[in-house]
Amino acid sequence: MRRSTLTAAALATLLLTAGCSDEPEAKRPSPTAPTTSSGKPTQTPSTQPPSLDLPKNAQPLIAETTGTKNQELPAFTPQEGAYTLYAACEGKGKVSIVDRDSSNPHPVTCNGVHTVGVVYEDKKPQHLTIQVTGGTSTWKIAVISGNHQP
């Protein structure tokens, strides 16, 4: 009986040892190993413009809006005889704000510089468009009621 107990113990030790391999880690597949590429270039996300630092308690006519291509902004009506534009952009394209009733674009300075402008206008609906030309840019704009020059 003693012989079968020793044999069982030796067999258990052998099985446990066989379950643990001395195989080096390099031969085992890594779950985090990179997969092969399909050859398509990956697009890096574009950098977001900095915060516009709007004045506290300002009445927004157009809330902070972000985009990457031409966009018509919602119409708004200034109630104080003026409105203030806050804009910023990042990228290689040129960004302009255009009054749809005029063809005169107003450039937005990109890459770290904010553009702030006050427009004096009667209480009538305003229609603005953001235009992006000459490359890719991410823009951010907000319009608030009144004169809020920094």
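**Entry 1. Largest pocket.** I began with the lining of the largest pocket, which by class holds eight nonpolar, six polar and two charged residues. I note that the model is a predicted one. The volume of this pocket comes to about 190 Å³. Its lining has 16 residues, and those closest to the centre are Tyr-83, Leu-85, Ile-97, His-106 and Val-119. I then looked up which elements contribute: E3, E4, E5 and strand E6 (115-120) each give at least two residues to the lining. E6 has the largest share, with four residues.

**Entry 2. Chain overview.** I stepped back to the whole chain. I find one helix and eight strands, in the order α-β-β-β-β-β-β-β-β from the N terminus. Of the 150 residues, 27% are buried. I put the accessible surface at about 10,500 Å², with 54% of this area on carbon and sulfur atoms. Among contacts with a separation of 6 or more, 80% are between residues 24 or more positions apart.

**Entry 3. Sheet.** I traced an open sheet of four strands, ordered E2-E7-E4-E5, with antiparallel pairing. Its edges are strand E2 (71-72) and strand E5 (105-108), each of which pairs on one side only. For E4 and E5 I have four bridges, and the two strands run antiparallel. Here Ile-97 stands opposite His-106 in E5. Both Ile-97 and His-106 are already in my notes, among the residues closest to the centre of the largest pocket.

**Entry 4. Cavity.** I searched the whole structure for cavities of 30 Å³ or more and have one. The largest cavity has a volume of about 30 Å³. Which residues line the largest cavity? I list Ala-87, Ala-88, Val-95, Ile-97, Val-108, Ile-130, Trp-139, Lys-140 and Ile-141. By class they are eight nonpolar, no polar and one charged. Strand E3 (82-91), strand E4 (94-99) and E8 each supply at least two of the lining residues. E8 gives the largest share, three residues. Ile-97 is in this lining, and I also have Ile-97 in the lining of the largest pocket.

**Entry 5. Lys-140.** I took Lys-140 from the cavity lining for a separate look. Lys-140 sits in strand E8, which spans residues 137-145. Is Lys-140 buried or exposed? I count Lys-140 as buried because its relative accessibility is 12%, and the cut-off for buried is under 20%. Leaving out residues up to four places away in sequence, I find Lys-140 touching Pro-49, Pro-50, Ser-51, Leu-52, Glu-64, Thr-65, Thr-66, Tyr-86, Ala-87 and Ala-88. Of these, Ala-87 and Ala-88 also appear with Lys-140 in the lining of the largest cavity.

**Entry 6. Leu-73.** I ended with Leu-73, in the loop between E2 and E3. Its relative accessibility is 3%, so I count Leu-73 as buried. Which residues is Leu-73 in contact with, leaving aside neighbours within four places in sequence? My list is Ile-62, Arg-100, Leu-128, Thr-129, Ile-130, Trp-139 and Ile-141. Ile-130, Trp-139 and Ile-141 are also cavity-lining residues in my earlier entry. I also checked Leu-73 against Ala-142: the two are 69 residues apart in sequence, with C-alpha atoms 9.9 Å apart in space.

Key
Residues are numbered from 1 along each chain as its sequence is written. This is a predicted model: local features need pLDDT of at least 70, side-chain atom pairs count only at pLDDT 80 or more; totals for chains, interfaces and linings use all residues. Side-chain values use heavy atoms; hydrogens and water are left out. Buried means under 20% relative accessible area, exposed over 50%, partly exposed in between (1.4 Å probe, protein chains only). Contact means heavy atoms within 4.5 Å. Accessible areas come from the Shrake-Rupley method with a 1.4 Å probe; for residues, only the protein chains shown count as cover. On a 1 Å grid over the protein atoms alone, a cavity is a set of points where a 1.4 Å probe fits but cannot get out, and a pocket is an open set with protein on both sides within 12 Å along at least five of seven lines; lining residues have an atom within 4 Å of a point. Grid points are joined across faces, edges and corners, and a volume is the space filled by probe spheres set on the points. Ala, Val, Leu, Ile, Met, Phe, Trp, Tyr, Cys and Pro count as nonpolar, Asp, Glu, Lys and Arg as charged, and the others, Gly among them, as polar. Two strands pair if DSSP finds at least two bridges between them.
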